[in-house]
Amino acid sequence: MSAADPSTFRSPRRRRDALLLSLGVLAAIVAALLPVFSVIGPGAWTAGALGVTVAVLGTGLVARLFSLPALVVSVLEAGVWILLLTAMFGRGSTLLGVIPTPATFGLVPDLVAAAAEEVRVGVAPVDAANGLSFVLVAAVGALAIVLDHVVLTARMPLLAGVGLVAVSLIPTIAVPAEVDVPGFVLLAAAILFLLRVETRSRTGGASGDGARTAARPRFAGASATAVGIAAVAVVVAIVATPLLPQPGLRFASGGSGGFGSTINPNLELGNDLRQPRPVDVLNVRTTAPRAPYLRAVTLSQFDGSVWEPDTGDTVQVPADGPVFDPVTVDADIPVVDWTTDVVVDELDSPWLPIPYPALQVSGLQGDWLGLPQNATVVTRSGSTRDQEYEISTRVPRPTLEQIRARPVGGDGLPDSVRSLPDGVPAVIEETARAVTAEAQSPYDALVDLQAWFRGTDFRYSLDAPVEDGFDGAGLDAVAQFLERREGYCVHFASAFAVMARTLDMPARIVVGYLPGTPTSGVQQGQTTYTVSSSQLHAWPEVFFEGIGWVQFEPTNSLGVPTYFAPGTTDAEGGAVTTPDQPDASAPQPAPTTAPQLSDEDAAPTGGTGAASAAETDATWAAWTAGSVVLLLLLAAPAVTRILRRRRRRTRVLSGDALAAWTAIQERAIDLGIPAPAAESPRRYAARLRERHGADTDALDLLVDAVERASYAGEAVDADAGPRLGAAVDAVDRSLTTAVSPARRLVAAMLPRSLVVRPGSAYAESRELVSR
């Protein structure tokens, strides 16, 4: 921070430039915030943020027109910022509606916590409530204060541009979306405008009228060239960016640091499932006896470390009519037709959750594509959010005898559903063969595997994988999982699929949702089921010849285990048992909701009081750590400057005259005194004496030494080291004494010489010292 010289903004040209720069900063902030609307919906916070920004920049402009020091300008802006935030969000605890009290500041942690909760459970675009609105308005106002100082005081618009670009990129990183072309163009134009105005003001003020007139043609030509280059760069960025290869899919479920819930097709569900509180993502009604599993993505390609989502030819999903052909089943296998209605709420994903095997999907809004090879539906541009659709399914219902008689596999299957990479750990195949040694058929072997995983030897845990570093689905993770026997659905599904392939069975993994939890709501005689983000799930499937893909549920304590009953039929003529409707004679399924961790796993012993105390301690620890980090950040520039001065002083005491002169220039820059490259040491010393009260004798000694070093080649004189050190100290003291205490504090805490070098353009623009 630097204090403005009283004469800085007195001329009409300077006042005009200050106004243009302020307007440019306002336009740049608006442009940088446009991408935020894809993450946080516009609302009252938008008007509040714009009002605070205008008030802050207007205060800074008026203060500069009255030739107030820059430090005073920043303090006034901060004061306006605090008063406006108080009036907007803390009126009930204030004096006269705008003056904050200790109770007002006590509201800040609660507002920040409320904002964090809104972000954690919200779905983009989030509707900002009071807490999130406070954080947004406060952040935008603080950004305006910082940019006002960087652009109008420090005269570094390029640095401001870097910060603005970073702000505009954050929403796109949080929620991937198409490039906001208007916002990008506006931001680029605003940054170029700031650079143009600031450069013109420095060039125009550096010389007299005659010199400016002579330089005008050259400067105009350079400006035209710069504008042309900038225009080409903007056009290339707009045209070329959509043509670049898109990054691999990576979607995270709600609560893992993103906005809202979506579907993760890459088996990286650990963080998604560890969210503190689940959110309801969709509601389901069905004519089936039980709520179905809802599949979104199938994964068949496995390279030993990653399961890749299946791709292939697609078909357009029609508004009416079938999407997929019925599953090919043997003539003796009964089938049952069911319909399922889905209403999506807090789910934002390109993958559509549907039961299997689907024939028809109706009611969708937008452009949706079907993948016939796995009966899934996806969109290239759109989302499941707020969709309401109906799915017709035709489900094979084999009896126990029928599925035991069927072999696994078939001629029409791709190699990807059987293949395994080299180097499969021996423990995987050995364990698979040991568990299934007594099986009489492929189905019996798979049921044995399922029962083994769901037995008492295994435990469902979201934390154990993280602690031991195998939070994944690769071969190494499977081997560690079989040893530890603790994990979550990804580990159970991946282990089951890999073990099935070692037994020469075609297997793949499905990502989707567990059956929902029944509610009290009934529509058209059908129970409504609610599906939560905690029910995001992965499970394996195995292909049986003449039946199709059959799902299994190895995850311990989750979902519905797959069993088929002996050959009895229901009133519709179909077999009574499917994975979605276990027969009464089959083992009862476990709850379909994700289990809550036991008290032993979830919190320290001692009950609610102990948990609350632990949360309080954690909160205080977080605030303490944050305060320490903030203090360290505030102290970093001063510490860095001290270390640099010590290193330079060592060179000065060794007799280095150039180092001594640089030390004087850097101290002058810290205090707001220009150090232009065009001034000779003698001329610069005269200005320091006349305008800033520098010690005359010490300056004469330093000028003599630096001239000898520059022209006579006497760069280092060890005998002169103590005299040079004493002269530097004397000049330093005299310059420091001549400025105000506030200026000395700013020079100590935020030394400009760390970023402004002697002789650079930013070191010679204008006098900044307040006497």
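**Exercise 1. The hairpin of S14 and S15**

Task: In the hairpin of S14 and S15 in this predicted model, find how many residues lie between the strands and which residue takes a positive phi.

Solution: Begin with the pairing itself, where S14 and strand S15 (residues 526-532) run in the antiparallel sense and are joined over four bridges. Next, look at the end of the pairing, where Gln 523 stands opposite Gln 526 in S15. Finally, turn to the connection, which has two residues between the strands, and there Gln 524 takes a positive phi near 55 degrees.

**Exercise 2. The sheet around the hairpin**

Task: Work out in what order the strands of the open sheet follow one another, and which of them are edge strands.

Solution: As a first step, recall that strands of a sheet pair through backbone hydrogen bonds, either parallel or antiparallel. In this case six strands form an open sheet in the order S7-S10-S5-S1-S15-S14, and the pairing is antiparallel. The edge strands are therefore read from the two ends of that order, namely strand S7 (358-362) and strand S14 (517-523), since each pairs on one side only. As a last step, consider the twist: neighbouring strands of this sheet are turned by 25 degrees against each other on average, if direction is ignored.

**Exercise 3. Two helices that pack together**

Task: Determine at what angle helix H20 and helix H21 pack, and how far apart their axes are.

Solution: Helix H20 covers residues 696-712 and helix H21 covers residues 721-737, and they pack at an angle of about 130 degrees with their axes 8 Å apart. Because of this angle, H20 is oblique to H21. The crossing of the two helices, H20 and H21, is left-handed. To see which residues make the contact, note that H20 contributes Ala 698, Leu 699, Leu 701, Leu 702 and Ala 705, which meet Arg 723, Leu 724, Ala 727, Val 728, Ala 730 and Val 731 in H21. Sorted by class, the contact of H20 with H21 has ten nonpolar residues, no polar ones and one charged residue.

**Exercise 4. Confidence along the chain**

Task: Find in which helix of the protein chain confidence is lowest and in which it is highest.

Solution: Start from the whole protein chain, which averages a pLDDT of 77, with 75% of the residues scoring at least 70. Confidence is lowest in helix H16 (residues 599-602), at a mean of 34, and highest in helix H12 (residues 442-453), at 95. Then examine residues 240-260, where the pLDDT is below 50, although this stretch has 51 contacts in the model beyond near neighbours in sequence.

Note on methods
Residues are numbered from 1 along each chain as its sequence is written. This is a predicted model: local features need pLDDT of at least 70, side-chain atom pairs count only at pLDDT 80 or more; totals for chains, interfaces and linings use all residues. Side-chain values use heavy atoms; hydrogens and water are left out. Axes are lines fitted to C-alpha atoms, for helices over the stretch in contact, and angles run from 0 to 180 degrees between N-to-C directions. Angles under 35 degrees count as roughly parallel, over 145 as roughly antiparallel, 65 to 115 as roughly perpendicular and the rest as oblique. A crossing is left-handed if the near helix is turned anticlockwise from the far one by less than a right angle, and right-handed if clockwise. Contact means heavy atoms within 4.5 Å. Ala, Val, Leu, Ile, Met, Phe, Trp, Tyr, Cys and Pro count as nonpolar, Asp, Glu, Lys and Arg as charged, and the others, Gly among them, as polar. pLDDT is the predictor's confidence in each residue, from 0 to 100.
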